[in-house]
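Me: I would like a close look at a single part of this model, in enough detail that I can follow it on the screen. Could you then set that part beside a few places elsewhere in the model?

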Amino acid sequence: MPKDYPQVLFQNRKPDRINTLDEYRQSGGYSVLARVLEEGSHAAVKQQIFDAVLLGRGGAAFPAGMKMETIADDAPFPRYIVCNADEMEPGTFKDRVLIHADPHMLIEGMIITGYGILADKGLVFIRPEYENAAKILEREIQVAREAGYLGQNILGSEYSLDIVVHRSGGRYICGEVTAQLNALMGKRPNPKQPPPYPTEKGLWDRPTLVNNVETLACVPHIIRNGADWFKSLALTDGAAGTKIFCVSGHVNRPGCYELPLGVHLSEIIEEHAGGMRNDAAFKACLPGGASTRFMPKQFYDIEMDFGSLKKEGHRLGTGAIMIFDHTTCMVATALNLIEFFARESCGWCTPCREGLPYIRDLLARIEAGEGEEAFIPALEGMSRHLGNAYCAFAPGAAAPVESLMTYFGDEVREHIAQKKCPFKGSRKNKVAILGVEAPGRQGAKT
Amino acid sequence: MLPEEIREELQRQIIAIEHPRELAVDVMFALQAHYGYLSDAALQEAATLLGMTPLEVEELATFYTFIYREPVGKYVIHLCDSLICWMDGYESIRDYMCRKLAVELGGTTADGLFTLLPVCCIGYCDRSPAMLINRKVYGFLTPEKIDAILEKLKAEA
């Protein structure tokens with residue numbers, strides 16, 4: 001049996017249906033909102049989130065309290081709070097599960113966090129693939145409104161906030177904060193380079209706080225139980241809280257598991273996710289979505305928290321752990337990821353728009369048995385150039401490629417020397433199937 | 001032409017909101033739901049409703065995965081080809097669908113019922129391989145399951 005850990009975000013999770021408002025209240029829900037509004041100190045809310053060292057769960061791990069602090073006390077109104085439910089990082093599905101499990105936890109988290117910055121309006125930005133979650137939220141927001149938790153003078157206090165659900169048309173870059181704000185304003189969702197930061201000039205040039213679903217869901221618990229309690233949930237020093245790890249790939253039980261930050265990767269795989277599928281050997285994983293670096297076997301026992309991974313040069317990202325067994329070709333895996341990034345690039349800046357198809361072409365040819373030794377420095381160089389892009393998209397896209405060269409360089413060379421993918425035999429047709437024809441193809445050969 | 005009740009409902013929403021552009025995607029979705037896709041005429045209507053230029057709407061329409069600027073079938077299949085679905089058999093599922101529907105990726109069946117499109121990770125990696133049909137998710141796909149799903153949709157069409 002896997003170890004039992006305290007369930008905070010999933011405490012009301014049921015196998016077959018969502019948690020109702022009454023059930024959420026029975027578990028203590030909305031009690032802390034009433035207390036916070038009665039005490040009337042929005043600064044205390046900010047302080048507690050700051051003290052809890054709540055790091056953003058959407059991938060960037062930016063301290064949520066610090067982000068709130070950047071909205072000055074005399075910042076203009078109206079102010080906005082945006083819940084980022086775009087969740088388009090490949091491998092990530094925790095926010096969907098969380099919304100389906102307990103929508104009021106997110107709604108209360110948004111109201112309390114909104115109060116912390118005295119926000120006037122809340123928006124949930126949600127991807128079109130999550131239409132069910134959008135409907136659930138719209139329905140439950142109305143339920144919360146009727147119960148007096150949203151709207152004018154919440155629970156008889158001076159504070160007013162309403163929340164609307166904003167459906168996206170669907171594009172990965174919309175998860176990036178500045179692109180998301182453009183999307184919300186009905187503009188083409190290209191990222192903008194700060195400053196000004198969204199907390200200064202965000203939506204309609206007003207102060208805007210954008211937080212991930214899981215981050216906001218942590219807030220009611222932090223305010224209810226205190227910053228020290230939140231920190232005590234984690235197993236490692238410096239880490240705070242639980243994390244929803246969504247595990248997928250070559251394991252027996254893919255799914256979402258709420259575990260303390262700092263839990264060993266080996267424990268997540270063996271105990272919670274049911275071990276490797278077909279008793280295969282662990283080869284590598286992506287610890288936090290497509291834009292994190294591959295972690296090979298030497299990290300099998302690593303403590304999974306933001307700091308521990310950072311110390312080893314890795315990123316926990318969204319906590320979406322994708323597991324690969326010994327039969328996996330890492331070149332083909334990286335190629336699939338780059339296909340994704342090349343397609344989803346917004347095309348605004350050159351390193352991303354031109355660099356990704358170039359990398360895709362090189363990887364496709366290596367995988368097809370048409371690789372050359374000169375491709376290796378070309379791949380390494382181009383991955384570095386992606387760092388010059390406008391936003392975090394291209395550096396994220398470079399992470400799997402760079403780590404492929406760092407940890408699996410021998411496997412790449414094996415493809416080149418054998419003139420085929422050693423995992424699948426000859427795949428001469430691969431390039432033709434993909435129809436890959438990148439600019440600069442000639443340049444790569446020299 | 002857009003039926004009066006749809007136009008009035010959209011205008012009601014647009015009047016009620018401080019910044020009508022925030023509704024740009026909603027308006028495009030509504031028009032697409034009526035026309036089946038966002039035709040040139042629909043794009044013009046969206047621009048008029050929102051007080052935007054057609055070019056500003058076009059910028060958005062061509063950017064988003066779920067806005068269709070060309071005619072599509074009654075059912076739009078978005079088959080996930082990202083990492084986890086790909087590891088769990090995307091290629092064989094894709095080939096099966098293409099043969100079954102007698103279309104290539106991007107194509108629409110001769111009877112106008114199905115359009116088959118690849119799509120990036122749809123966030124159902126715990127049910128891979130997965131797809132969306134008109135935004136409804138279907139997971140753990142096998143050829144048998146696909147047969148049953150398509151038959152059911154055909155019968156309902």
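Reply: What follows starts with chain B, moves to the side that touches its partner, and ends with several places in chain A.

Residues are numbered from 1 along each chain as its sequence is written, while chains are lettered from A and ligands numbered from 1 in the order in which they are written. The model is predicted, and local features are therefore given only at pLDDT of at least 70 and side-chain atom pairs only at pLDDT 80 or more, whereas totals for chains, interfaces and linings use all residues.

Chain B contains seven helices and four strands, where helices (H or I, at least four residues) and strands (E, at least two) are DSSP runs numbered from the N terminus. Read from the N terminus, its elements follow the order α-α-α-α-β-α-α-β-β-β-α. Along the principal axes, the C-alpha atoms of chain B fill a box of roughly 50 × 30 × 25 Å. Of the 157 residues in chain B, 41% are buried; a residue is buried if 20 or more other C-beta atoms lie within 10 Å of its own, exposed if 12 or fewer, and partly exposed in between, with C-beta atoms placed from the backbone. Two residues are in contact if their C-beta atoms, placed from the backbone, lie within 7 Å, and among the contacts in chain B between residues at least 6 apart in sequence, 58% join residues at least 24 apart.

The four strands of chain B form an open sheet with mixed pairing, in the order β2-β1-β3-β4; two strands pair if DSSP finds at least two bridges between them. At the edges stand β2 (114-119) and β4 (136-138) of chain B, each with a single partner strand, so one side of each has no neighbour in the sheet. Neighbouring strands of this sheet are turned against each other by 25° on average, direction ignored. Within the sheet, strand β1 (residues 75-80) of chain B runs antiparallel to strand β3 (residues 131-133) of chain B, and three bridges join the two. One place to look is H78(B), whose bridge partner in β3(B) is L132(B).

Where the two chains meet, chain B brings 28 residues to the contact and chain A brings 35 residues. On the side of chain B that touches chain A, the elements giving two or more residues are α2 (24-35), α4 (54-61) and α5 (83-87) of chain B, and α5(B) gives the most, with four residues. That side of chain B divides into 17 nonpolar, five polar and six charged residues, where Ala, Val, Leu, Ile, Met, Phe, Trp, Tyr, Cys and Pro count as nonpolar, Asp, Glu, Lys and Arg as charged, and the others, Gly among them, as polar.

Turning to chain A, the domain assignment gives domain 1 (21-232), domain 2 (242-325) and domain 3 (330-445); such bounds come from an automatic or database domain assignment. The C-alpha centres of domain 1 and domain 2 of chain A lie 27 Å apart, and 13 residues of domain 1 are in contact with 16 residues of domain 2. Helix α5 (residues 94-101) of chain A supplies three residues, the largest share of the side of domain 1 that touches domain 2.

Also in chain A, the axes of helix α3 (residues 42-51) and helix α6 (residues 103-116) come within 7 Å and cross at roughly 110°. In this contact, H42(A), V45(A), K46(A) and I49(A) of α3(A) meet I112(A), Y115(A) and G116(A) of α6(A).

Strand β8 (residues 282-286) of chain A has five of its five residues buried, so it is largely enclosed by the rest of the structure. Four bridges join β8(A) to the antiparallel strand β11 (residues 320-325) of chain A, with L286(A) opposite M322(A) in β11(A). Over two bridges, β8(A) also pairs in the antiparallel sense with strand β9 (residues 295-296) of chain A, and there A284(A) has P296(A) as its bridge partner.

A last place is I366(A), found in helix α14 (residues 350-367) of chain A, which is buried because 27 other C-beta atoms lie within 10 Å. Not counting residues up to four places away in sequence, I366(A) touches V331(A), G371(A), F375(A), V412(A), H415(A) and I416(A). From I366(A) to K420(A) there are 54 residues in sequence, with 7.7 Å between them in space, C-alpha to C-alpha.

Note on methods: Axes fitted to C-alpha atoms, helices over the stretch in contact; angles between N-to-C directions.
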